[in-house]
Amino acid sequence: MTAVAATPPTPDASLPAPWHGEVEDRLETGEAPLAWVELDLDERLRFAPGLLVLTPRRLLAVAAGGESWHSWALDPGQALELSDHGGVGALELRDADARIAGWRFTLGQHAAAQRLVDRFERLGVRGAPADAVPVATCPQCHALLPAPGAPCPHCMRRATEAEAAGESEEAASTWTLLRLWRFAHPYRRRLLAGFLLTLASTAATLVPPYMTMPLMDDVLIPFQNGKPIDPALVAAYLGGLLGAALLAWVLGWARTYILALVSERLGADLRTATYEHLLGLSLEYFGGKRTGDLMARIGSETDRLNLFLSLHLLDFATDVLMIAMTAAILVSIDPWLAVVTLLPLPFIAWLIHLVRDRLRHGFEKADRIWSEVTNVLADTIPGIRVVKAFAQESREAARFRAANEHNLAVNDRVNRVWSLFSPSVTLATEVGLLVVWAFGIWQVSRSSITVGVLTAFLAYIGRFYTRLDSMSRIVSHTQKAAAGAKRIFDILDHVSSVPEPAQPVHLPRVDGRIELRNIGFRYGNRAVIRGIDLEIAPGEMIGLVGHSGSGKSTLVNLICRFYDVSEGSILVDGVDVRSLSNAEYRRHIGLVLQEPFLFFGTIAENIAYGKPGASREEIVAAARAAHAHEFILRLPHGYDSLVGERGQALSGGERQRISIARALLIDPRILILDEATSAVDTATEKEIQKALDNLVQGRTTIAIAHRLSTLRKAHRLVVLDRGQVVEVGPHDELMACEGAYYRLYQAQQRRAEADRLEEGAGGHGAEVEAGRAAIAPAIAGGAKQA
């Protein structure tokens, strides 16, 4: 076959440099590479270099670790299949009869391999006329375009990500704090009252300095010149000073109290909104985050914002008003002296501009490093049993010490910037005060102003410069708050990959019919589920079988809509689950996990977690059905006994039965059993199996089991391999077919026989070794076939 593109292909400039010359030497006249993938694994899955190149006429390859080049002419009957399993990608060239060639690579090359397959298919190799399929590539990234002249999706995505990164950087500025207005809006009347009180209290504090002018010019200086003091006049002035002080105190108390109430409520609303939004995000988001980091954002960052809003922002507003009012009074008293007073302002503004960005970036980095400290705690404390079991206390202490020292080093760098800034502002204000003294004395010597005016001026300047110094120090607190606000809005701005429908469909009742229509799912570049079609009838029990990593747990996660499918659709009672409200849909699903999670609280509270309003009779009935009632009554406080952190006060089997009772209580129509008996001994498994028998009655059940024998009661077994369904049918039928399920079952039976032989032989070491030697080939053969 001579498949050619509609537009003449050009050599792929992105070919790896070491291979470029070798590929060019092997190309025929008019032939150009359309796509390539570096092969970094040989047939034995050892790391070795290789290359696979697609041209319009053939596939050209040098095997990983090989030296000779091979080529395969393209033919309409050929297919190039891409798959991955266990972190290893595979490309296989097939025709209608057999496998022609195959190559292996790590998943880091998956994107290039997918691009090569896409171009292979667009060449029309599967039987379409080659000249009817135009091939167009992006001149920037050489990715395959949907059509000639169409925008490149890869470049568009990168541009979007870059724009988002720029917006994120911009959002890190102080203006991020303005986004808090949406939380402050409900309290706007109290905020207005607080502002008016701040304005009034600031004005009251400016009265005393003004009163010093008449005290100096009308009382003290005339007294020095021989004029007697007028007691009534002095009493009036002093009374005015006392009244102004008392008024300022009352107004200041009211202002502080009102704004503190608002800031606490605003912080509480922010914490609640962040937590509720976090609960609405998909499992995909949590998979890329650390628990300690999320706890630090919701906890310490909102506390920092609370402190900023209730204390530092209030001080900043007071400082601004004080400076503005003082400047107005100074100008009204003596304009020239006021100009001299304002001389340090440009220098201080320049300093603030200089250090602001450095402080913001420093505080953002300090926040990230602090989350590393909390992450160590979040890892170690829940896993303290493992830490002690492996005697790793010193190692975990070293981890914490390293994170703490890193945090200390980052904060030291921030403090070096801040320690230089603050004294510089103080020095500027002190120099400004000296200049005012000199200019004021010169003005008095020229009789331009009186001593009383200079005294009042100096009193105002003292307050002016104090507030100026205080306002400059707010830069540190503002940048800390801006960094904290950015980390919180990073959560609030994240859109769930499992969105709620705009107009959800409501199901009055759920029968439990589930349809999977050609569904596919990918984790990043890795395809986990591919082309699954399956229909489950109401009340039917389905067993999911397959090797680890075959996609069983991913499939039930998709059915629960913890993730959304990448391709196809999942329907429940004929309705796409993406059109249902997540909470309403999941109320009909009971989930029993391999490792049941219990919350700190009583046994009754854990059983009633899915139905908080359940009566004690309902809780006891669910516990009886789960075969948990007897062991619960043996506990010191029965149903009111505390289970401890994550249920540590109970055994694994007891926790599992509590989990089954929790699922029973909500009476779900769809039941998911994810390895519910794999982590317990045989005796406990029998007890749990009795509870599960009660649980599955009349419910659509999807069960994953480690021991295949526990799935014999399933109506059908679905065998998965590499994300695809390879067999479906009852146990007996699949055993008779002697296919994938048969090989899995036989391999597991042989392993179980080997374990029984070892246990039964006891101290007879020779017999055990002989038995192992006899059974080992059969086990190996079965595993190889599976």
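**A surface patch, a sheet and the cysteines**

Let me begin at the surface, where Trp249, Val250, Trp253 and Tyr257 form a nonpolar patch whose accessible area comes to about 520 Å² together. I should say at once that this is a predicted model, and that is how everything that follows is to be taken. Within that patch, Val250 belongs to helix H7, which covers residues 231-280. Is Val250 buried, partly exposed or exposed? Its relative accessibility is 42%, and so Val250 counts as partly exposed, because that class lies between the limits of 20% and 50%.

Let me turn now to the sheet. Six strands make up an open sheet with mixed pairing, and their order reads S13-S14-S15-S10-S16-S17. At the edges we find strand S13 (589-592) and strand S17 (724-729), each of which pairs on one side only. Neighbouring strands of this sheet are turned against each other by 20° on average, with direction ignored. As a general reminder, strands of a sheet pair through backbone hydrogen bonds, and they may do so in parallel or antiparallel fashion. In the case of strand S10 (residues 541-546) and strand S16 (residues 716-721), the two run parallel and are joined by five bridges. If you would like one position to look at, take Val545, whose bridge partner in S16 is Val719.

Finally, the cysteines. How many disulfides does the model contain? The count comes to zero, with the rule asking for a pair of cysteine sulfur atoms within 2.5 Å. As for surroundings, Cys560 has a relative accessible area of 3% and is therefore buried, whereas Cys737, at 53% relative accessibility, counts as exposed.

How values were computed:
Residues numbered from 1 in each chain as written. Predicted model: local features only at pLDDT ≥ 70, side-chain atom pairs only at ≥ 80, totals over all residues. Heavy atoms only, no water. Buried < 20%, exposed > 50% of the residue type's maximum accessible area, 1.4 Å probe, protein only. Patch = residues over 30% accessible without salt bridge, like charges linked within 9 Å, V, L, I, M, F, W, Y side chains within 5 Å. Areas by Shrake-Rupley, 256 points an atom, 1.4 Å probe, with all protein chains shown as cover. Salt bridge = Lys/Arg side-chain N within 4 Å of Asp/Glu carboxyl O. Helix = DSSP H or I, 4+ residues; strand = E, 2+ residues; numbered from the N terminus. Pairing = 2+ DSSP bridges. Axes fitted to C-alpha atoms, helices over the stretch in contact; angles between N-to-C directions.
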